[in-house]
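Please look through the structure below together with its sequence, beginning at the ligand and ending at a single histidine.

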Amino acid sequence: MIYQLPTILEPLELAALFPQPQPLEVELGCGDASFLIEYARRQTARNFIGVERLLGRLQKLDRKGRRAGLNNVRGIRIESSYFLRYLLPPHSTAALHIYFPDPWPKKKHHRHRLINEQFPALARAALAPGGCVYLRTDDADYFAQMQEVFNAAREFATADTPAWLAEITTDFEREFNAQGIQTLRAAYCAR
Ligand SMILES: C[S@@+](CC[C@H](N)C(=O)[O-])C[C@H]1O[C@@H](n2cnc3c(N)ncnc32)[C@H](O)[C@@H]1O
């Protein structure tokens, strides 16, 4: 289930990844992929890509996906913003999921955050018309930054996270919930 990119110099050829041409959703920084595998199990008429930089975590995606008998999930080992900027074909994606991205809490490290001023335009370029970005975090300061950059992006409108999506939790979300740490979520859909 781990897709080896033939090149990082050309956009992905989606037909090479999946047996069925179906609407695509992408999770950037999918971690151990519990969310993605459960979501893909429930939504068999959609294709899913999990992007993750750590091989060990992608191997868990691979194991879980095989165990569930899924053919609509692939994991790709690459840096998320590079993937979004250069590899995801334009207007190819129905939804982008970014859950508990590294918060980079120190101010001098904020420039490493995935959701920054450039992100909405990159997301909009990858999304199909009406496509949505779903965000979750435990970090209030990062959440405020997420809201700020999307509220300033005229190509997006605020939306609700549907209950059927919110009920599928991620590994990190479950850990935070178990520790009583509040988590935050937001959604923005292309106008
Ligand atoms: C805090 S974990 C959250 C994982 C998962 N989304 C969840 O909620 O359980 C963040 C994940 O993003 C990955 N990650 C962080 N920065 C990344 C980047 N620039 N490109 C790809 N993956 C990245 C980390 O390796 C880690 O697995």
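The paragraphs that follow describe the ligand site and then one loop residue.

This is a predicted model, in which local features need pLDDT of at least 70, side-chain atom pairs count only at pLDDT 80 or more, and totals for chains, interfaces and linings use all residues. Residues are numbered from 1 along each chain as its sequence is written, and side-chain values use heavy atoms, with hydrogens and water left out.

Around the ligand there are 17 residues, of which Glu52, Arg57, Glu79, Tyr99 and Thr170 are the closest, a residue being counted if one of its heavy atoms lies within 4 Å. By class, this shell comprises 6 nonpolar, 4 polar and 7 charged residues.

Nitrogen atoms of the ligand meet the protein backbone at several places: a backbone N or O atom of Ser80 lies 2.8 Å from one, a polar backbone atom of Tyr99 is 2.8 Å from one, and for a backbone N or O atom of Arg53 the distance is 3.3 Å. Of the 590 Å² of accessible area that the ligand has on its own, the protein covers 90%, as computed by the Shrake-Rupley method with a 1.4 Å probe.

His110 belongs to the loop between β4 (93–99) and α4 (119–126), and its side chain reaches the backbone oxygen of Pro105 at 3.3 Å. Leaving aside residues up to four places away in sequence, His110 touches Trp104, Pro105, Asp141 and Gln145, where contact means heavy atoms within 4.5 Å.

Definitions and conventions. Polar contact = N/O pair within 3.5 Å; in protein donor to acceptor, adjacent residues only side chain to side chain. Nonpolar A, V, L, I, M, F, W, Y, C, P; charged D, E, K, R; others polar. Helix = DSSP H or I, 4+ residues; strand = E, 2+ residues; numbered from the N terminus.
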